[in-house]
Amino acid sequence: MMTEKAVARIRVTVMLGNSLTDRDTLAVLELLQPESPAEVLGLYIEDSELLSLADIPVVREYCLLTQVERRLQAAELERQFRAQARIAEQALARAASPRGYPWSFRSLRGDPVVLLREMLAEVDLMLLGAAAGMTPATRRRGGGAAGRPVMAVFDQAEPATRALQVAMQLADAGRTRLVIVLTAAHPDELPALRQRAAGLVGDRPAEYLELTSRDTADLLSQLRRQVAGQLVIGVPAEKLDDETIALLRNRSACPVVLVR
Amino acid sequence: MQNIKPLSADELYRRCDPELLDFETTAELEALAEPLGQDRAVEAMQFGTEIQAEGYNLYVLGPQGSGRHTVIRRILAGKSAASRRADDWCYVNNFQDPSKPRALRLPPGEGVNLRKDIDQLIDESHTALTAAFESNEYHARQHAIEEELQEYQENSFERLQAYARERGIKVIQTSTGVVFAPIRDDKTISADEFKKLPKDKQEHIDAMIREVTAEFQHTMQSIPEEARKTRQKLRELDHEVSMLAVGSLINQLIQKYMSLPRVVAYLRDMQADIVENVDIFLKGSGNEGTIQAILSGGRSSGFEQGDSPAMRRYAVNVIVSNSGEEGAPVVFENHPTFPNLIGKIEHMSEMGTLITNFTLIRPGALHRANGGYLVIDAAKLLVQPFAWEGLKRALKSREIRTQSLGEVLSLISTVSLEPEPVPLNTKVFLVGDRLLYYLLQVYDPEFPELFKVAADFEDEFDRSPENSRLFARMLAMMASRDRLRPLDRAGTARLIEACVREAGDAEKISASLMNATDLVRESDFYAARSGRHVIGSEDVQQAIDARTHRASRIRDRLQEEILRGTLLIDTDGAVVGQVNALAIAQLGEFAFAHPSRVTARVALGSGEVVDIEREVELGGPLHSKGVLILSGYLSGRYVIDRPLSLSASLVFEQNYSGIEGDSASAAELCALLSALSALPLRQDLAITGSISQHGQIQAIGGVNEKIEGFFDICNRRGLSGTQGVLIPTANVKHLMLRNDVVEAVRAGQFSVYPVEDIDQCLSLLTGKEAGAAGEDGQFATGTVNALVRERLLAFAEQRHAFGSSDRNGDS
């Protein structure tokens with residue numbers, strides 16, 4: 001009788017859909033070197049809110065590229081969704097295939113925040129792209145995340161340890177600095193938190209920042225000041241509220257790795 | 001009858017007395033490096049090399065093998081050693097206009113140093129710039145600048161969102177832009193809800209959306225300006241960091257090359273360019289963007305793998321380096337094509353396109369010889385398309401303007417370069433023969449302007465005892481240089497004699513070093529074959545005989561046909577109107593002569609002597625001149641008071657290939673006078689010499705070959721003792737006859753008669769007194785001249801009689 005040894009695969013979901021930022025998001029995927037085999041799900045969300053707005057005659061879209069104003073039309077919006085999903089799928093294939101990751105791609109329609117929250121409950125890692133911003137980014141020497149530090153949020157929660165491990169891995173693979181943001185409700189908790197983080201980091205050089213606010217906006221400001229290349233946050237699914245998800249999705253200056 | 005004495009055997013060959021040579025073998029002699037007898041040419045070359053005025057280039061003219069190159073090498077070696085080393089030349093990128101590379105002049109040896117310094121600078125700049133741009137300080141400042149823009153954008157967006165919210169509008173970001181949607185209780189309203197709204201409410205929302213859109217557009221218009229300011233700040237930051245990183249490195253080089261303003265200017269431009277193009281240092285050393293790198297001045301020589309774009313852009317193309325030289329350069333260009341002289345711009349094929357850059361500029365001989373001397377063979381230069389024009393243009397403009405030939409001729413339209421011209425200061429030596437020199441003088445008006453000094457090499461020099469001894473030293477040099485056996489005294493003497501014979505004059509020695517060198521080599525060969533350690537006279541003689549044998553096939557066939565009676569030549573008896581002339585043939589290096597029968601026929605006529613060779617265009621102008629002189633001689637000497645009333649024809653029998661020269665004019669006159677006098681001419685004699693209008697016998701060329709040519713025929717038929725050759729007295733000094741001829745004369749079997757005028761010739765050839773004119777102009781009865789005069793008078797009378805009867809008949 002044959003015995004099958006089940007091999008647990010790490011489930012990674014990559015949120016895609018903006019060609020300006022997808023490349024950086026997928027670059028994070030390439031840097032990930034999970035000890036266990038990983039399977040990757042590419043996710044594209046068709047924003048149902050936009051579709052519902054399409055039938056309102058006074059609603060207009062202002063195109064940032066051409067600076068032309070036009071009516072939002074449902075049929076055209078559908079075509080755009082399909083085209084973006086196709087581009088995102090191709091980009092995922094180029095990133096995942098060479099690394100041997102089994103991958104799949106899904107296109108869902110709904111409220112992006114709600115869908116992300118739901119998806120987060122089912123995966124081990126989720127990658128979110130940086131916010132696109134109002135205009136194409138100004139030039140960055142070296143391009144992408146190269147040379148920019150990996151920032152990890154470290155708090156009392158249990159997933160923070162895993163998040164720090166993922167951040168260390170990304171920093172090693174990208175040969176870049178590791179910045180650990182120690183987050184606690186009270187300043188008294190920070191020394192112990194730091195000691196715990198240092199124990200996990202070992203000899204690896206790391207910089208520490210302390211944050212006593214639980215506000216995601218403050219975290220994102222810190223992220224921008226450090227010009228980080230990736231932000232790694234450990235989150236139990238139930239703790240990530242819709243507002244936080246929306247902020248991370250719309251305001252982050254770099255790709256975000258959510259670790260459960 | 002005049003008694004004309006034949007020459008003695010000793011007069012036919014002037015031996016070189018071995019006793020004059022005070023050595024046992026040439027190994028004892030100090031080598032004489034300089035060719036003999038070329039004082040005039042050497043002096044001209046000294047003058048030409050020393051004078052610094054414009055256009056004083058040299059044309060070294062003279063026969064092949066006269067030692068022109070040897071003298072040039074020796075003189076230039078001395079001049080070069082005494083002169084300062086020439087400067088180095090480099091081409092570098094012109095950052096303002098890459099199609100016009102800059103030329104840099106550096107002190108000798110410094111070109112390579114500059115290249116090394118700049119290679120090192122680029123290498124260090126790589127490190128310094130990479131470190132600077134990867135530093136935390138740089139990143140902090142860069143991100144601070146970028147953050148400023150980011151903050152501006154976010155603040156603008158937040159302000160806009162607030163503005164929109166106040167108007168009941170939500171700003172939603174999409175992947176391509178933003179959507180402005182109406183909200184109620186912070187939530188977007190659906191299409192159904194919107195439709196249920198009253199019309200005025202819908203219009204109000206529409207107005208609000210338009211207002212928000214207008215505000216958004218206004219905000220968006222300010223962002224590019226902010227972005228431009230950010231980019232400017234980033235550029236200034238890059239500039240500042242770059243200057244800091246490479247400034248000190250370049251300043252060190254500027255200090256080092258402070259005495260060279262153009263190099264300093266280049267280094268300053270380079271610094272500015274590095275700062276402007278710092279990205280090429282930070283993109284690694286791959287070969288990416290090859291075309292762009294090349295077009296912007298990439299290193300070509302090879303496009304070495306691993307060369308960074310920076311290495312290519314800032315390469316130093318050292319086209320002339322005099323680092324290893326001692327003194328001024330001396331360049332012998334053996335293949336003087338246009339590109340080999342002027343230089344060239346190579347192209348490379350890249351993805352089907354021909355591309356080039358400043359590192360593909362290749363130097364020509366003029367570049368290498370700049371500041372020194374350039375030696376070119378004139379004939380080789382003139383046969384190369386456009387090479388002569390290119391050289392003249394460079395000499396006239398005193399600068400080397402490197403262009404591809406295709407570009408000069410507008411044959412190609414490929415993008416090419418226009419390198420900065422290099423100032424030219426070179427003394428050019430053209431080496432060629434005399435004909436070329438005089439043709440250039442006549443047909444090229446620029447030639448006399450550019451080549452003002454002619455160094456004319458002698459064909460021969462005086463045969464004095466001193467010169468013979470010096471010549472022996474020169475032979476010693478040849479033997480030593482070519483690692484040949486030394487010559488003993490007899491061998492040396494025989495070799496000198498051979499060179500005297502080569503000169504065609506017993507009082508001269510040929511200046512042809514090539515001939516002498518070859519003879520020494522060939523003599524050495526026979527000495528080796530005979531197992532001798534020293535070259536003796538027998539080895540030299542063997543070499544001469546073998547050389548003659550190798551070259552004499554045509555001569556032997558010709559003589560054979562005479563002996564077989566195919567070519568009609570009598571060597572005994574006497575015939576009216578027929579004489580043996582002597583014609584010379586030059587086949588390559590080998591000259592030989594053979595007898596040729598000249599005949600004359602006379603009849604009553606109007607006084608014209610017809611040269612049949614001329615009529616059929618087999619005779620050259622000199623030959624025709626000789627014949628035309630005969631008419632003047634006849635009328636002037638014999639019938640000065642009557643019209644010359646004969647018709648005569650002269651012909652070289654069995655001549656099918658043309659004849660040139662006037663050396664047979666004496667023979668032709670003898671044949672004509674024989675025909676007139678009806679006196680037969682001896683066929684055992686041959687005659688050579690040109691005739692003057694007064695009947696004097698003048699010198700001719702090739703006297704030795706001519707005597708030997710007739711001797712060979714007589715000898716092979718059997719010498720009768722009466723046979724011989726009449727030669728101009730003026731040619732006696734040229735005699736260096738073969739030993740067998742000399743010995744035949746010594747034995748009384750053959751004779752050589754020196755003659756000064758036609759009467760002596762007639763006496764010898766007819767055996768009768770020629771007859772001198774008395775005071776009354778009459779010749780003694782029975783003499784050759786009297787018979788000629790009588791015949792001519794008879795012709796005149798007959799012609800007169802014909803003329804009278806014609807006139808009577810007419811009336």
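A nonpolar core is a set of buried Ala, Val, Leu, Ile, Met, Phe, Trp, Tyr and Cys residues joined through C-beta atoms within 7 Å. Buried means that 20 or more other C-beta atoms lie within 10 Å of a residue's own, exposed means 12 or fewer, and partly exposed falls in between, with C-beta atoms placed from the backbone. The largest such core here has 192 residues, and B:Leu475, B:Cys670 and B:Cys761 touch the most other members. Helix 25 of chain B gives the most to this core, with nine residues. A separate core has 71 residues, including A:Leu43, A:Leu92, A:Val201 and A:Ile233.

The model is predicted: local features need pLDDT of at least 70, side-chain atom pairs count only at pLDDT 80 or more, and totals for chains, interfaces and linings use all residues. Residues are numbered from 1 along each chain as its sequence is written, while chains are lettered from A and ligands numbered from 1 in the order in which they are written.

**Chain A**

Chain A has eight helices and eleven strands. Helices (H or I, at least four residues) and strands (E, at least two) are DSSP runs, numbered from the N terminus. Of the 260 residues in chain A, 42% are buried. Two residues are in contact if their C-beta atoms, placed from the backbone, lie within 7 Å. Among contacts in chain A with a separation of 6 or more, 81% join residues 24 or more positions apart.

**The sheet in chain B**

Seven strands of chain B form an open sheet of mixed pairing, in the order 23-24-22-21-26-29-30. Strands pair if DSSP finds at least two bridges between them. At the edges are strand 23 (608-611) and strand 30 (751-755) of chain B, each paired on one side only. Neighbouring strands of this sheet are turned by 30° against each other on average, direction ignored. Strand 29 (residues 724-728) of chain B runs parallel to strand 30 of chain B, joined by five bridges. There, B:Pro728 has B:Val755 as its bridge partner.

Helix 25 (residues 665-677) of chain B lies across strands 21, 22, 24 and 26 of chain B, at about 30° to strand 22. Axes are lines fitted to C-alpha atoms, for helices over the stretch in contact, and angles run from 0 to 180 degrees between N-to-C directions. B:Cys761 touches B:Cys670 and B:Val755, among others, not counting residues up to four places away in sequence.

**Where the parts meet**

Chain B is divided into domain 1 (9-37 + 458-551), domain 2 (110-321) and domain 3 (557-800). These bounds come from an automatic or database domain assignment. The C-alpha centres of domains 1 and 3 of chain B lie 37 Å apart. Contacts between them involve 13 residues of domain 1 and 14 residues of domain 3. Helix 19 (residues 489-503) of chain B gives the most to the domain 1 side, with three residues.

Between the chains, 37 residues of chain B are in contact with 32 residues of chain A. Helix 6 of chain B gives the most to the chain B side, with twelve residues. Strand 3 (residues 60-63) of chain A pairs antiparallel with strand 5 of chain B over four bridges. A:Tyr62 stands opposite B:Val178 in that strand of chain B.

Ala, Val, Leu, Ile, Met, Phe, Trp, Tyr, Cys and Pro count as nonpolar, Asp, Glu, Lys and Arg as charged, and the others, Gly among them, as polar.

| Side | Nonpolar | Polar | Charged |
|---|---|---|---|
| Chain B, touching chain A | 17 residues | 15 residues | five residues |
| Domain 1 of chain B, touching domain 3 of chain B | six residues | one residue | six residues |
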